[in-house]
Amino acid sequence: MCVLVVDGANVVGSVPDGWWRDRATAAARLHHHLTSAELPYERVVLVLEGQARRRVPEGTTAVGELSAVETVHAPREGDDEIVARCVSAVEGGQEVTVATADRGLLARLDGLGVEVVGPRSVRH
């Protein structure tokens, strides 16, 4: 199974479109984009933290017949949740791609066997 793990904060913050005025609405726009886009993954995991969690409920949204978007509310730091999800997926034999440009997160992912794409790759 191919899984895309999306660093919601980093992807939202990759475009200066006023997201900082309303993080929850920006996260809802990203969620809507992910559920309406045709992405080459069987599952997408959107990790949200802080105020961004307010307008997107946790849970799974079916996207077509073969894929789904799972929204996860990180209880603390989003990066911790992303690393945990990646470790679990890799240990489960899944192919994992992470959408982020966060250097600290990238350093933590190094050596886990995950592919990394830039945040703008999931916004287009």
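The radius of gyration used here is taken over C-alpha atoms, and the globule rule it is held against is 2.2 Å times the number of residues to the power 0.38. For the 124 residues of this predicted model, that rule puts a compact globule near 14 Å; the chain comes in at 13 Å, so the two agree. Laid out along its principal axes, the C-alpha trace spans about 40 × 35 × 25 Å.

As for what fills that space, there are four helices and six strands, and walking along the sequence gives the pattern β-α-α-β-β-β-α-β-α-β. Buried residues account for 43% of the 124 in the chain. Taking contacts between residues at least 6 apart in sequence, 65% join residues at least 24 apart. On the outside, the chain exposes about 6,800 Å², with carbon and sulfur atoms supplying 48% of that area.

Now to the charges. The chain carries 13 positive and 18 negative side chains, and the centres of the two sets sit 10 Å apart. Some of these side chains pair up: the count comes to five salt bridges.

One of them joins glutamate 70 and arginine 43, with an N to O distance of 2.8 Å. Glutamate 70 belongs to strand 4 (residues 67-73) and arginine 43 to strand 2 (residues 43-48), so this pair ties together parts that are 27 residues apart in sequence. Arginine 43 is partly exposed, at a relative accessible area of 22%.

Another salt bridge brings together the side chains of aspartate 80 and arginine 108, again listed at 2.8 Å, N to O. Here the partners come from two helices: aspartate 80 lies in helix 3 (residues 78-91) and arginine 108 in helix 4 (residues 103-109), so the pair ties together parts that are 28 residues apart in sequence. Aspartate 80 is partly exposed, with a relative accessible area of 37%, and arginine 108 is partly exposed too, at 39%.

Helix 3 also holds a pair of its own. Glutamate 81 and arginine 85 both lie in this helix, four residues apart, or about one turn, and their side chains meet in a salt bridge of 2.8 Å, N to O. Glutamate 81 has 17% relative accessibility and therefore counts as buried, the cut-off for that being under 20%. Arginine 85 is partly exposed, at 27%.

These pairs don't all stand alone, either: Arg43, Glu70, Glu81 and Arg85 are linked in a network of salt bridges.

Definitions and conventions
Residues are numbered from 1 along each chain as its sequence is written. This is a predicted model: local features need pLDDT of at least 70, side-chain atom pairs count only at pLDDT 80 or more; totals for chains, interfaces and linings use all residues. Side-chain values use heavy atoms; hydrogens and water are left out. A salt bridge is a side-chain nitrogen of Lys or Arg within 4 Å of a carboxyl oxygen of Asp or Glu. Buried means under 20% relative accessible area, exposed over 50%, partly exposed in between (1.4 Å probe, protein chains only). Contact means heavy atoms within 4.5 Å. Accessible areas come from the Shrake-Rupley method with a 1.4 Å probe; for residues, only the protein chains shown count as cover. Lys and Arg count as positive and Asp and Glu as negative; His and the chain ends are not counted. The place of a charge is taken as NZ of Lys, CZ of Arg, CG of Asp or CD of Glu.
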